Amino acid sequence: MGEAPAFFADSFPNGVDLKSKGHETAICVGSKIYVIGGADQESLSVIGVRIFDKSSGEWINPIVVGTQPKLSNGHSAVLLNGDRILVIKGNSKSDDCFWFLEMGTPFIREQEKTHGNEVVAWSKGVLGNVEKPIVISGPSGVGKGTLISKLMKDFPSMFGFSVSHTTRAPREKEQNGFHYHFSDRSVMERDIKDGKFLEFASVHGNLYGTSVDAVEVVADAGKRCILDIDVQGARSVRASSLDAIFIFISPPSFEELEKRLRARATETEEQIQKRLRNARAELEQGKSSGLFDHTLVNDDLESCYENLKNTLGLTEGVKTARITYPELVDFPVEHLVSKIDQKILINCGAAEYQKASDNMYVLDLSLLKGGAPGRTRGLNLYVTNSSNDCVNGDNQLS
Ligand SMILES: Nc1nc2c(ncn2[C@@H]2O[C@H](COP(=O)(O)OP(=O)(O)O)[C@@H](O)[C@H]2O)c(=O)[nH]1
Ligand SMILES: Nc1ncnc2c1ncn2[C@@H]1O[C@H](COP(=O)(O)OP(=O)(O)O)[C@@H](O)[C@H]1O
């Protein structure tokens with residue numbers, strides 16, 4: 001039986017569940033109190049999480065998945081909608097200060113089934129309106145890789161490729177870490193069990209999977225992520241929080257598909273036969289599942305590429321357009337937060353908390369996308385001179 005932390009309040013005013021003592025904050029979610037802060041039990045360099053179960057009076061050390069935020073000497077925390085807490089790290093730049101601690105989402109429930117323990121997941125918040133990731137599927141030899149390479153070459157600052165893990169052997173020109181992370185089955189299976197993968201599937205007799213890291217690296221670079229994965233993987237991603245756009249690439253005919261696969265000369269005859277058998281099933285699933293938002297036929301390569309660009313809204317002018325990164329802002333340890341609908345007001349004027357200061361920011365969460373596993377995207381941050389700039393009359397700072 002544990003003792004409830006002394007700094008807990010039973011109810012929090014204005015929906016702003018913030019109470020702090022030193023570097024810890026406590027947020028009440030149903031019958032549980034999430035205590036965020038201090039160092040993690042296993043690693044002293046990241047922010048720890050403990051849960052106090054009010055009904056049993058027990059402390060719980062949850063399994064924590066996802067990249068964890070580095071320890072800072074202060075943070076604030078706001079409950080968003082019952083299944084995630086926004087944590088704003090002090091003494092941090094705006095590209096590393098917004099983090100989400102999730103509990104009770106479908107992903108967490110699945111993880112809890114696997115681990116048989118309470119699970120929480122961290123997801124880093126990424127500023128700006130980066131567009132949805134793109135999932136590209138289709139049978140082996142249809143031209144997915146060729147189309148993706150063209151896109152990456154023409155729009156290097158816009159797209160980033162999610163480098164999958166696979167247990168298959170590398171082909172002659174494939175580089176580890178660039179085309180795939182070539183892995184041992186046992187290591188990959190252990191990492192899957194540890195929640196490090198967004199999705200995985202057995203394809204043509206080998207294990208393939210997208211690690212959470214693979215998509216996070218691309219999101220952190222402010223780029224739009226492209227995933228080349230099979231139909232089973234696409235189904236898993238559809239069920240995840242990634243919120244992607246799904247494109248199926250289809251061949252003009254089965255004969256042409258076989259011709260391309262043979263001409264590529266990367267597989268043995270036995271492997272070609274296996275891929276062709278699987279292709280029939282994949283083509284059926286691609287047509288009938290309602291899983292894909294778009295199907296493109298790759299007959300003439302250039303026409304298909306044009307169709308792909310149109311589908312992604314890439315007109316001529318877009319070629320030179322770069323994603324603009326929001327200006328970096330420094331958030332001090334001393335700041336006060338309040339939540340008004342989908343907006344978080346962050347008052348960094350530590351000396352005069354009760355007044356709207358010049359150092360006031362609004363974090364707009366109305367376009368929030370994604371979440372664990374992976375990054376939470378679509379956060380918009382802007383400066384405001386007074387609370388009236390963005391919110392109306394009764395929105396006082398607490
Ligand atoms: N589910 C899943 N499928 C993947 C992943 N990476 C690649 N694949 C799929 O695995 C299949 C085989 O890929 P590969 O061995 O590179 O052969 P290729 O499709 O003939 O180039 C293709 O359908 C890929 O889309 C992944 O991370 N997850
Ligand atoms: N539209 C096309 N017409 C003819 N050949 C193509 C076309 N698209 C791709 N190819 C060729 O087909 C082969 C398979 O393409 P690839 O991109 O490796 O397919 P996937 O990644 O879907 O397995 C490659 O040799 C590629 O050059």
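Q: Which backbone atom pairs with a nitrogen atom of ligand 2, that is, which residue supplies the polar backbone atom 3.3 Å away?
A: In this predicted model, the pair in question joins a nitrogen atom of ligand 2 to a polar backbone atom, and the distance between the two is 3.3 Å. Polar contacts are counted for N or O atoms within 3.5 Å. The residue that supplies the backbone atom is Leu-301.

Q: How much of the area that ligand 2 exposes when taken alone does the protein bury?
A: Oxygen atoms of ligand 2 also have polar partners, for a backbone N or O atom of Gly-143 lies 3.0 Å from one such atom, and a polar side-chain atom of Thr-146 lies 2.5 Å from an oxygen atom of the ligand. Taken alone, ligand 2 exposes 560 Å², and the part of this area that the protein buries is 73%.

Q: Which helix gives the most residues to the shell around ligand 2?
A: The shell holds 14 residues, and the closest are Gly-141, Lys-144, Thr-146, Arg-264 and Asn-298. Two helices, α2 (144–154) and α6 (254–264), each supply at least two residues of this shell. With three residues, the helix that gives the most is α2.

Q: How many residues of the shell around ligand 2 are polar?
A: By residue class, the shell around ligand 2 contains three nonpolar and five charged residues. The remaining class in this division is the polar one, and its count is six.

Q: What percentage of the accessible area of ligand 1 does the protein cover?
A: Side chains make several polar approaches to ligand 1: an N or O atom of Ser-140 is 2.5 Å from an oxygen atom of the ligand, and a polar side-chain atom of Lys-144 lies 3.5 Å from an oxygen atom of ligand 1. The side chain of Tyr-208 likewise places an N or O atom 2.5 Å from an oxygen atom of ligand 1. On its own, ligand 1 has 570 Å² of accessible area, and the protein covers 95%.

Q: Which strands each supply at least two residues of the shell around ligand 1?
A: Ligand 1 is surrounded by 20 residues, of which the closest are Ser-140, Ser-164, Arg-168, Tyr-180 and Tyr-208. By class, the shell divides into five nonpolar, seven polar and eight charged residues. The strands that each contribute at least two residues are β16 (197–203) and β17 (206–211).

Q: How far apart are the end C-alpha atoms of residues 131–313?
A: An unreviewed UniProt entry lists residues 131–313 as "domain: Guanylate kinase-like". Over this span the chain is 44% helix and 22% strand, and the distance between the end C-alpha atoms is 11 Å.

Q: What percentage of residues 262–289 is helix?
A: The unreviewed UniProt entry gives residues 262–289 as "coiled-coil region". In the model, the end C-alpha atoms of this span lie 28 Å apart, its strand content is 0%, and its helix content is 82%.

Q: Where is Pro-373 found, between which two strands?
A: The peptide bond that leads from Ala-372 to Pro-373 is cis, with omega near 0°. Pro-373 itself belongs to a loop, and the strands on either side of that loop are β25 (369–370) and β26 (376–384).

Q: What is the approximate phi of Asn-91?
A: Asn-91 lies in the loop between β8 (84–89) and β9 (92–93). Although Asn-91 is not a glycine, its phi is positive, with a value of about 55°.

Key. Residues numbered from 1 in each chain as written. Chains lettered and ligands numbered in written order. Predicted model: local features only at pLDDT ≥ 70, side-chain atom pairs only at ≥ 80, totals over all residues. Heavy atoms only, no water. Near = heavy atom within 4 Å. Polar contact = N/O pair within 3.5 Å; in protein donor to acceptor, adjacent residues only side chain to side chain. Areas by Shrake-Rupley, 256 points an atom, 1.4 Å probe, with all protein chains shown as cover. Helix = DSSP H or I, 4+ residues; strand = E, 2+ residues; numbered from the N terminus. Nonpolar A, V, L, I, M, F, W, Y, C, P; charged D, E, K, R; others polar. UniProt positions renumbered as here; feature names shortened; annotations may be inferred.
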